[in-house]
Amino acid sequence: MNYWNQDQANQVNVKVTPKFVIQESKEPPVLVHIQTYWLYQYDCNIPLDFIEEIKSLPRESLLKDLQSVLFDSIARYKDFKKLAGDDYRNWFPIHALLLMKDLRATESLETILDFLSQDENFLDFWLGDILTEEGWSIILMCGSHNLNRLDSFIKEPGHYTWSRTAIGEAVCQAALHNIIPHEKAVDWLCNVMQYFLQNRQTENLIDSNLNGSLICDCIDLAATETLPIIKKMLDEKIAPLSYAGDWTDIQEQFKIPVGEWVKKKIENINETYKSLLSREEKEIEISKPQKNNSINSGWPAPIVNDHPKIGRNDLCPCGSGKKYKKCHGGS
């Protein structure tokens, strides 16, 4: 069933209010290690031996550098954006985040959350779909030790939808990977969803897409304890139907045994770069002109793309009414 019209009528979105964390700057940061400057010089083609050398640097000073790099993306954001072309992406904040993840940099959680506290234009500029594809694993490796801080972040009004969904997904996956106890993750989800129900009138707090994503997290964990809260969210129309269906659909999904497919792979940094490079190469290949077999054509004709690129947070074109990442984009 297509729930698009119902969801559109009841959609609630948060107006993002970016957190002020640092004054704008025109100058690059002064870093402790010369190797850290490599992060500014490469995209996802960065040599993996460079990454290994950076990882071998003294932890305390390296994390200080990585935090400076991440703050630099905020301080000089406007300048970098002015230089940007249509296909521009400078990868230095992505490199910093992936290194923090690989180092399990619990000390850097606040810096990561400050980065995720910026507005949607900022996060889309630096990360694009990488936020929804890799954000959960970064939070999991750096923040699953501190559920209280993740709880306070997801409950703060004015944060970007996909920053908050990454938090919920991280907690869910942490339980599926036995990093935290299952019951602890379920209690966390119950607490967060109950908070949204009790404070649904709070300005700039409720986000339909976030609530839909949290319901999917509950299903992935087979958290039947959350069913009464989910029912109330649907009754109050603060959760979309396009994520997991209506109340009948959701009850049926809870009856399906949870499979290993719900557990996402936590890639090491080398695997992540290979995945990112593969995605970039596919996008480049798709955009290349293809040979035109017409005998009247002397030059290869460019591809005419009648189907625009589908974002992972767009509705799936199959008509299911679900988000692409929760439907055909999940494979």
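K19 is partly exposed, with a relative accessible area of 37% (partly exposed sits between buried, under 20%, and exposed, over 50%, using a 1.4 Å probe and protein chains only). Its side chain forms a salt bridge with D114, with the closest N and O atoms 2.7 Å apart (a salt bridge is a side-chain nitrogen of Lys or Arg within 4 Å of a carboxyl oxygen of Asp or Glu). This is a predicted model, in which local features need pLDDT of at least 70 and side-chain atom pairs count only at pLDDT 80 or more, while totals for chains, interfaces and linings use all residues. Residues are numbered from 1 along each chain as its sequence is written, and side-chain values use heavy atoms, with hydrogens and water left out.

**The chain as a whole**

- You're looking at 15 helices and 0 strands (DSSP runs numbered from the N terminus: H or I of at least four residues for helices, E of at least two for strands).
- Of the chain's 331 residues, 47% count as buried.
- Among contacts with a separation of 6 or more, 75% come from residues 24 or more positions apart (contact means heavy atoms within 4.5 Å).
- About 17,000 Å² of the chain is exposed, and carbon and sulfur atoms supply 50% of that (areas come from the Shrake-Rupley method with a 1.4 Å probe, and for residues only the protein chains shown count as cover).

**The nonpolar core**

- The largest nonpolar core has 95 residues, and L66, I112, F115, W126, L127 and W188 touch the most other members (such a core is a set of buried Ala, Val, Leu, Ile, Met, Phe, Trp, Tyr and Cys residues joined through side-chain atoms within 4.5 Å).
- Helix α11, residues 182-198, gives the most to this core, with 9 residues.
- As background, nonpolar side chains in soluble globular proteins tend to be buried together.

**Salt bridges**

- The structure holds 18 salt bridges.
- The D114–K19 pair links distant parts of the chain: D114 lies in helix α6 and K19 in the loop between α1 (4-10) and α2 (48-55), 95 residues apart.
- D114 counts as buried, at 10% relative accessibility.
- R149 and E156 also meet in a salt bridge, at 3.4 Å from N to O; R149 is buried at 16% relative accessible area, while E156 is partly exposed at 27%.
- K231 and D235 pair up at 3.0 Å, N to O, and being 4 residues apart in helix α13 (residues 227-235), they are separated by about one helical turn.
- Both of these residues are partly exposed: K231 at 27% relative accessibility and D235 at 47%.
- E52, K55 and D102 are linked in a network of salt bridges.

**A buried acid without a partner**

- D65 sits in helix α3, residues 59-75.
- D65 is buried yet has no salt bridge, and the nearest side chain of opposite charge, K64, is 6.9 Å away (Lys and Arg count as positive, Asp and Glu as negative; His and the chain ends are not counted).
- Leaving aside neighbours within four places in sequence, D65 is in contact with L31, V32, H33 and T36.

**Helices α9 and α10**

- Helix α9 (residues 147-155) is mostly covered, with 7 of its 9 residues buried; among them are R149, D151 and K155.
- The buried residues of α9 pack against α6 (109-116), α8 (130-143), α10, α11 and α12 (208-220).
- In α10, 16 of the 16 residues are buried, so this helix is largely enclosed by the rest of the structure.
- The 16 residues of α10 (161-176) should span 22 Å at 1.5 Å a residue, and the end C-alpha atoms are 23 Å apart, which agrees (the expected span is 1.5 Å times one less than the number of residues).
- Just after α10, N178 takes a positive phi of about 60 degrees.

**Two buried residues in α12**

- I215 is found in helix α12 and counts as buried, at 2% relative accessibility.
- Not counting residues up to four places away in sequence, I215 touches M193, I230, A239, A244 and I250.
- The C-alpha atoms of I215 and M193 are 8.9 Å apart, with their positions 22 residues apart along the chain.
- S208 is in α12 too, and it is buried with a relative accessible area of 3%.
- With the same four-place exclusion, S208 touches N10, Q11, V12, I238, A239 and P240.
- S208 and K237 are 29 residues apart in sequence, and 8.6 Å apart from C-alpha to C-alpha.
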